[in-house]
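Work through these exercises with the chain in view. Try each task before you read its solution.

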Amino acid sequence: MADEERQIKSKERVRERGEVFTAAREVNAMLDLVKDETENIDATFLEPACGTGNFLDEVLRRKLAVCQKRYGKSAADYEKFSFLACTTLYGVDIMADNVERCRERLYETWEASFGATHRTVAASATGVVTGVPRSDFHDRVSAAVKKVFEKNILLGNALSMKRVDEKQNDLDEPIVFTEWKLALGDKLKREEYRFDVLLDQGKKGQVQEMSFDLFGDGETSSHVNWMVDPDDPEKKRMIPAPSKVYPLIDYWRIGDE
Ligand SMILES: C[S@@+](CC[C@H](N)C(=O)[O-])C[C@H]1O[C@@H](n2cnc3c(N)ncnc32)[C@H](O)[C@@H]1O
């Protein structure tokens, strides 16, 4: 039986962490309830106790099938939009082996959707699209996708909203998620947000001063955690402020850092 088909790793893990993985049939039935979102390349999914990614992997497969239909004939387009599909998936788990497997598995699903260089083959019966072409710089895009999963699938405690160590103890480090948005052409906008600020711990819109390394240059300064929405013409709506903003970068360079 493949690892992903086993629902239980050990009795201890079930007892200590409630770890029982959801079977594929239930995953599909639940995702069918939000079918349109699973087939929307831009829709964001966060699984706060993601395990090895049973839900996230299926969402990725569905999004990749859409990418293949729309962009499957062009290597560059498929790479760009399948990369963007990857950026929309977020997960947190408290067990280091689950996080590692989840990242690896999502990457494998993305990579499996490509065939040999510039060869087009029909979609496979397993639902993973295979055979869309690769561009000459496929290796850089692969590195970028790996980096996205490193940043989006995090080892942490979804209840305290802090990162944890390998023994599942809370660290004094907040969980931070990255928002990736295509700005223009291949240029990517990348901003970081603290999970606790996004959820605002139930006190919606409460403004506090926090110390952020806003431009990623090692200089921390005080900023408010909420700001007026620049897209709100009446300037009444508050939205979470980023804790870090990166300069625009070609999306396929993300893995170079
Ligand atoms: C019932 S399993 C579900 C896994 C996955 N969502 C699925 O459906 O296959 C619960 C998962 O939550 C994780 N977990 C338990 N406590 C957690 C916490 N405080 N923060 C993050 N993850 C946690 C466990 O390691 C386990 O992988």
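Strands are DSSP runs of E with at least two residues, and they are numbered from the N terminus. The model is a predicted one.

**Exercise 1. Place Trp252 and decide: is Trp252 buried or exposed?**

Solution.
- Step 1: Find the segment. Trp252 sits in the stretch that follows strand S13 (249–250).
- Step 2: Recall the cut-off. A residue is buried if 20 or more other C-beta atoms lie within 10 Å of its own.
- Step 3: Apply the cut-off. Trp252 has 23 other C-beta atoms within 10 Å, so Trp252 is buried.
- Step 4: List the partners. Leaving out residues up to four places away in sequence, Trp252 touches Phe137, Arg140, Val141, Ala144 and Asp186.

**Exercise 2. Describe the chain as a whole.**

Solution.
- Step 1: Count the elements. The chain has eight helices and 13 strands.
- Step 2: Test the radius of gyration. For 257 residues, a compact globule would come near 18 Å; the chain has 19 Å, which agrees.
- Step 3: Take the box. Along the principal axes, the C-alpha atoms fill roughly 55 × 50 × 35 Å.
- Step 4: Look at burial. Buried residues are 31% of the 257 residues.
- Step 5: Look at contacts. Of those between residues at least 6 apart in sequence, 57% join residues at least 24 apart.

**Exercise 3. Check the length of helix H5 (residues 75–87), then explain why H5 is called largely enclosed.**

Solution.
- Step 1: Work out the expected span. At 1.5 Å a residue, the 13 residues of H5 should span 18 Å.
- Step 2: Compare. The end C-alpha atoms of H5 are 18 Å apart, which agrees.
- Step 3: Count burial. In H5, 10 of the 13 residues are buried, so the rest of the structure largely encloses this helix.
- Step 4: Name some of them. Among the buried residues of H5 are Tyr78, Phe81, Phe83 and Cys86. Charged names appear too, including Glu79 and Lys80.
- Step 5: Find the cover. It includes H4, S2, helix H6 (96–112), helix H7 (138–152) and strand S6 (176–184).

**Exercise 4. Which elements help to form the shell around the ligand?**

Solution.
- Step 1: Start with the nearest. Of the 20 residues around the ligand, Phe21, Thr22, Ala49, Gly51 and Ala158 come nearest.
- Step 2: Name the elements. Helix H4 (54–71) and strand S2 (89–93) each give the shell at least two residues.
- Step 3: Sort by class. The shell holds 10 nonpolar, six polar and four charged residues.

**Exercise 5. Describe how the two domains meet.**

Solution.
- Step 1: Set the bounds. The assignment gives domain 1 (1–166) and domain 2 (175–257).
- Step 2: Take the distance. Over C-alpha atoms, the centres of domain 1 and domain 2 are 24 Å apart.
- Step 3: Count the contact. Domain 1 gives 21 residues and domain 2 gives 12 residues.
- Step 4: Find the main contributor. On the side of domain 1 that touches domain 2, H7 gives the most, with nine residues.
- Step 5: Sort that side. It has 11 nonpolar, three polar and seven charged residues.

**Exercise 6. Set Met161 beside Gln168.**

Solution.
- Step 1: Read phi. Met161 has a positive phi of about 65 degrees. Gln168 has a positive phi of about 70 degrees. Met161 is not a glycine, and Gln168 is not a glycine.
- Step 2: Locate them. Met161 is in the loop between S3 and S4. Gln168 is in the loop between S4 and strand S5 (170–174).
- Step 3: Judge burial. Met161 has 20 C-beta neighbours inside 10 Å, so Met161 counts as buried. Gln168 has 15, so Gln168 counts as partly exposed.

Note on methods:
Residues numbered from 1 in each chain as written. Predicted model: local features only at pLDDT ≥ 70, side-chain atom pairs only at ≥ 80, totals over all residues. Near = placed C-beta within 6 Å. Helix = DSSP H or I, 4+ residues; strand = E, 2+ residues; numbered from the N terminus. Expected span 1.5 Å × (residues − 1). Buried ≥ 20, exposed ≤ 12 C-beta atoms within 10 Å, placed from the backbone. Contact = placed C-beta atoms within 7 Å. Rg over C-alpha atoms; globule rule 2.2 N^0.38 Å. Domains from an automatic or database assignment.
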